[in-house]
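Dear colleague,

I am handing over the structure below, and I would be grateful if you could look through it with the notes that follow beside you. They go from the metal sites to the helices and then to a few single residues.

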Amino acid sequence: MSKDYYAILGIDKNASPEEIKKAFRKKAHEYHPDKGGDAEKFKEVNEANQVLGNPEKKKQYDQFGSAFQNGQAGGGFGAGAGGFSGFQNTGDFNMNFEDLGDMFGGFGDIFGFNGGRQSSHQKNRGRDLEMPITLDFLEAAHGLEKELIFNKNVICAHCQGNGAEPGSKIDTCKTCRGSGQVTRLQRTILGNIQAQTTCPDCGGEGKIYSKKCSVCRGSGIHNEQVKIKVKIPAGINDGESIRLSGQGEAGPQGSPAGDLYLRLRLRANQKFRRQNYDVYTEETISVSQAILGDKIDVETVNGLVKLKIPAGTQAGTVFKLRGKGISRLHNNGLGDQFTKIIVKIPTKLDKKQKQLLAELNL
Ligand SMILES: [Zn+2]
Ligand SMILES: [Zn+2]
């Protein structure tokens, strides 16, 4: 399920950061629940702003949004709800405090949608991980499945994440009396507000275990080597990243896992250079091929193609091979290849060749 964040904010894909900000403010005012607006829409507008208002996320969204939707990059992507396309982990909807504070006069925290659960929930989320991945030029052009092996915090299998030694005695948490929630008073410009937050002592479980898990010592998580398979979509380029939702570290006490970001690096290729989805190459031909014309084989990322060299082709001429470049993400066709012709001028001629050339007087 991919959302069109541009449509949600009612803006064009080419909108400037200023226009995005303006559109967000307008819509947020319109839908703000305190002003009788639609809370769901308000949430959506916020979500859209969080992605489009953040250059990094916006780039990823523009790049991968529909790629994930059309299944081009299925498989290992997006273990969490919405996968890559959404940036919306419904569970950890993230209010943009900065913009809201600015808008409504600066109350520090947000309350409402999820009660106070939101802020503590955020803190308890597992850490995001970042991993550099280096690919060969052609691997990136064609896409591939890659197995990643790395260490991360995972939910402890011995205690299943609750931190208690299996079979040990369980008591009700005294701090929250078993509710898992504590109420704290918060001062805001709108007056004092009672906010519910997760109990710090039991982590929201409402229970205290008499014996901590012998494997994870009560944390509910432990570090382990994991193997995951990811599909790298064809067309990915140097410097781009892939977000694998929920593939980061497990959070404490069963809170949601963080995300895993793969930062892509491409090794240089001797034959091909790349700009966006277009490929640049050079081919060398002889003087007589340049003068008389010929048909030559040209290497492309998808194999050899025939190129007609017209008679009288000048050195440095660039031929465009339409659709012979790199597959665009979004399943959006292929880039082009631009092949520059180098004419090889012979340096060693025998006496007869020299004589003939002199007679031709080219
Ligand atoms: Zn408690
Ligand atoms: Zn454990």
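Which residues are the protein donors of the zinc ion (ligand 2)? In this model, which is a predicted one, they are Cys156, Cys159, Cys213 and Cys216, each through its SG atom and lying 2.3 Å from the ion. Along the chain these donors follow the spacing C-x2-C-x53-C-x2-C. The angles that the 4 donor atoms subtend around the zinc ion (ligand 2) run from 103 to 116 degrees, and therefore the arrangement is tetrahedral, given that four donors count as such if all angles lie between 85 and 135 degrees. For your own checks of the geometry, the ideal angle for four tetrahedral donors is 109.5 degrees. As for the surroundings of the donors, Cys156 has a relative accessibility of 0% and counts as buried, and Cys159, at 4%, counts as buried too, because the cut-off for that word is under 20% relative accessible area.

The other zinc ion in these notes, ligand 1, has as its protein donors the SG atoms of Cys173, Cys176, Cys199 and Cys202, which lie 2.2 to 2.3 Å from it. Here the spacing of the donors along the chain is C-x2-C-x22-C-x2-C. Around ligand 1 the 4 donor atoms subtend angles of 103 to 116 degrees, so this arrangement is tetrahedral. Of its donors, Cys173 is buried with a relative accessible area of 1%, and Cys176 counts as buried at 7% relative accessibility.

Two residues in loops deserve a note on their backbone angles. Most residues other than glycine have a negative phi. Gln160, however, has a positive phi of about 55 degrees although it is not a glycine, and this residue is found in the loop between strand 2 (144–155) and strand 3 (170–172). Arg217, again a residue other than glycine, has a positive phi near 55 degrees, and its place is the loop between strand 6 (207–209) and strand 7 (221–232). Are these residues buried or exposed? Gln160 counts as exposed at 68% relative accessibility, and Arg217 counts as exposed at 72%, because exposed means over 50% relative accessible area.

Turning to the helices, helix 2 (residues 17–31) packs with helix 3 (residues 39–52) at an angle of about 165 degrees, and their axes are 9 Å apart. Helix 2 is therefore roughly antiparallel to helix 3, since angles over 145 degrees count as such. The crossing of the two helices is left-handed. Helix 2 contributes Ile20, Phe24, Lys27, Ala28 and Tyr31 to the contact, while helix 3 contributes Lys41, Phe42, Val45, Asn46, Asn49 and Leu52.

Finally, there is Asp128, which sits in the loop between helix 7 (117–124) and strand 1 (129–135). With a relative accessible area of 35%, Asp128 is partly exposed. Which residues does Asp128 touch, if those up to four places away in sequence are not counted? They are Gly258, Asp259 and Tyr261. Asp128 and Gln247 are 119 residues apart in sequence, yet their C-alpha atoms are 8.2 Å apart in space.

With best regards

Conventions
Residues are numbered from 1 along each chain as its sequence is written. Chains are lettered from A and ligands numbered from 1 in the order in which they are written. This is a predicted model: local features need pLDDT of at least 70, side-chain atom pairs count only at pLDDT 80 or more; totals for chains, interfaces and linings use all residues. Side-chain values use heavy atoms; hydrogens and water are left out. Donors are N, O and S atoms within 2.8 Å of the metal (3.2 Å for Na, K and Ca); water is not among the atoms, so sites may look incomplete. Four donors count as tetrahedral if all angles lie between 85 and 135 degrees; four count as square planar and six as octahedral if opposite donors are over 155 degrees apart and all others between 65 and 115; anything else is irregular. Buried means under 20% relative accessible area, exposed over 50%, partly exposed in between (1.4 Å probe, protein chains only). Axes are lines fitted to C-alpha atoms, for helices over the stretch in contact, and angles run from 0 to 180 degrees between N-to-C directions. Helices (H or I, at least four residues) and strands (E, at least two) are DSSP runs, numbered from the N terminus. Angles under 35 degrees count as roughly parallel, over 145 as roughly antiparallel, 65 to 115 as roughly perpendicular and the rest as oblique. A crossing is left-handed if the near helix is turned anticlockwise from the far one by less than a right angle, and right-handed if clockwise. Contact means heavy atoms within 4.5 Å.
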